[in-house]
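Work through the exercises below with the coordinates open, and try each task before reading its solution.

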Amino acid sequence: MVRTEAPEDAYTAEPFVPERGGLPALRKAAADCRGCPLHRDATQTVFGEGGKDARVMLVGEQPGDQEDRQGKPFVGPAGRLLDRALAEAGIDPAEAYVTNAVKHFKFTQAEPRKRRIHKAPNLREMTACAPWLAAELAVVEPELIVVLGATAGKALLGSSFRVTQVRGTVLEEEIHGRPERLVPTVHPSSVLRADDREAAYRGLVSDLKVAAQVLG
């Protein structure tokens, strides 16, 4: 008996990414992505949101519990905090494209009815999902990428990325074959977990103000 390999065993979304059709085609195709095993337990794919003419792209880690249920990125508490911080920094949230390095919710759950606990995606899962992010960047062509947190930074800039070393600075790197400007900062969920939440929030706003200055 010949044993065939499931698509997710290859750990790449590449076969699922359409060559044309823009964001609508990408979003539709991503709904059926089986590029890694994370699709098995997640409720649905959570693709990016925003217009193709957005000047700034915000890249987070992965969907959270609320995002997984609603099918939209950054709709939970961290997303609301991010919107507030963006507005305070001078960036209109409605004019940004928001997405995640990984499009499916990864979690642990002790029992079926228990709360689902976020679990960080590993390098293999981030690499598998990279073709989706590359396709989003190619369509949107943002003037600036705001990197939200360590996982997003590693997905875009490699495993040596440390958000604490470069947050609030302007980086110029080649990302998926394109020269990009990036401003790293913390993920808004880390602000919600911080012992001094107000100080952590001020730090996030300060980093986003750097992004606003780059956009002019």
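The exercises that follow concern a predicted model, and each task is paired with a worked solution.

**Exercise 1. Aromatic pairing**

Find how many aromatic pairs the whole structure holds, and describe the geometry of the pair formed by Phe 47 and Trp 132.

Solution. A search of the whole structure returns two aromatic pairs. For Phe 47 and Trp 132, begin with the ring centres, which are 5.9 Å apart, and then take the angle between the planes, which is 85°. Because an angle over 60 degrees counts as edge-to-face, the arrangement of Phe 47 and Trp 132 is assigned to that class. Next, place the two residues along the chain: Phe 47 belongs to the loop between α1 (22-30) and β1 (56-60), whereas Trp 132 belongs to helix α4 (residues 123-140), so that the pair links parts of the chain 85 residues apart. Finally, consider exposure: both Phe 47 and Trp 132 are buried.

**Exercise 2. Charges over rings**

Which ring has the charged end of Arg 84 over it, and which residue lies over the face of Phe 47?

Solution. The charged end of Arg 84 is placed over the ring of Tyr 201, at 4.3 Å from the centre of that ring. Turning to Phe 47, the residue over its face is Lys 103, at 5.4 Å from the ring centre. Phe 47 is thus a partner of Trp 132 in an aromatic pair and also has Lys 103 over its face.

**Exercise 3. Positive phi outside glycine**

Phe 74 and Glu 141 are to be examined for the value of phi; decide for each whether the residue is buried or exposed.

Solution. Start with Phe 74, a residue other than glycine, whose phi is positive and near 55°. Phe 74 lies in the loop between α2 (65-70) and α3 (77-89), and its relative accessible area is 11%, which means that Phe 74 is buried. Glu 141, likewise not a glycine, has a positive phi of about 50°. Glu 141 is located in the loop between α4 and β5 (144-148), and with a relative accessible area of 51% Glu 141 is exposed.

**Exercise 4. The largest pocket and the largest cavity**

Describe the volume and lining of the largest pocket, then do likewise for the largest cavity.

Solution. The largest pocket contains about 730 Å³ of space. Its lining is made up of 28 residues, and those nearest the centre are Gly 64, His 118, His 187, Ser 189 and Arg 193. Elements that each supply at least two lining residues are α2, α3, β4 (117-118), α5 (150-157) and α7 (188-193), and α7 gives the most, with four. By residue class, the lining of the pocket holds eleven nonpolar, eleven polar and six charged residues.

Moving to enclosed space, the structure holds one cavity of 30 Å³ or more. The volume of the largest cavity is about 80 Å³, and 13 residues line it, with Cys 33, Gly 35, Cys 36, His 104 and Cys 129 closest to its centre. Helix α4 provides the largest share of this lining, three residues, and the cavity lining comprises eight nonpolar, three polar and two charged residues.

**Exercise 5. The surroundings of Glu 180**

Where is Glu 180 found, and what is it in contact with beyond its neighbours within four places in sequence?

Solution. Glu 180 is part of strand β7 (residues 178-185), and its relative accessibility of 4% means that Glu 180 counts as buried. With neighbours within four places in sequence left aside, the contacts of Glu 180 are Leu 137, Pro 142, Ile 145, Leu 171, Glu 172, Glu 173 and Ile 175. For Leu 137, the separation from Glu 180 is 43 residues in sequence and 9.7 Å in space, C-alpha to C-alpha.

Methods: Residues are numbered from 1 along each chain as its sequence is written. This is a predicted model: local features need pLDDT of at least 70, side-chain atom pairs count only at pLDDT 80 or more; totals for chains, interfaces and linings use all residues. Side-chain values use heavy atoms; hydrogens and water are left out. Rings of Phe, Tyr and Trp (its six-membered ring) pair if their centres lie within 6.5 Å; planes under 30 degrees apart count as stacked, over 60 as edge-to-face and the rest as tilted. Buried means under 20% relative accessible area, exposed over 50%, partly exposed in between (1.4 Å probe, protein chains only). A charge sits over a ring if NZ of Lys or CZ of Arg is within 6 Å of the ring centre and within 35 degrees of the ring normal. On a 1 Å grid over the protein atoms alone, a cavity is a set of points where a 1.4 Å probe fits but cannot get out, and a pocket is an open set with protein on both sides within 12 Å along at least five of seven lines; lining residues have an atom within 4 Å of a point. Grid points are joined across faces, edges and corners, and a volume is the space filled by probe spheres set on the points. Ala, Val, Leu, Ile, Met, Phe, Trp, Tyr, Cys and Pro count as nonpolar, Asp, Glu, Lys and Arg as charged, and the others, Gly among them, as polar. Contact means heavy atoms within 4.5 Å.
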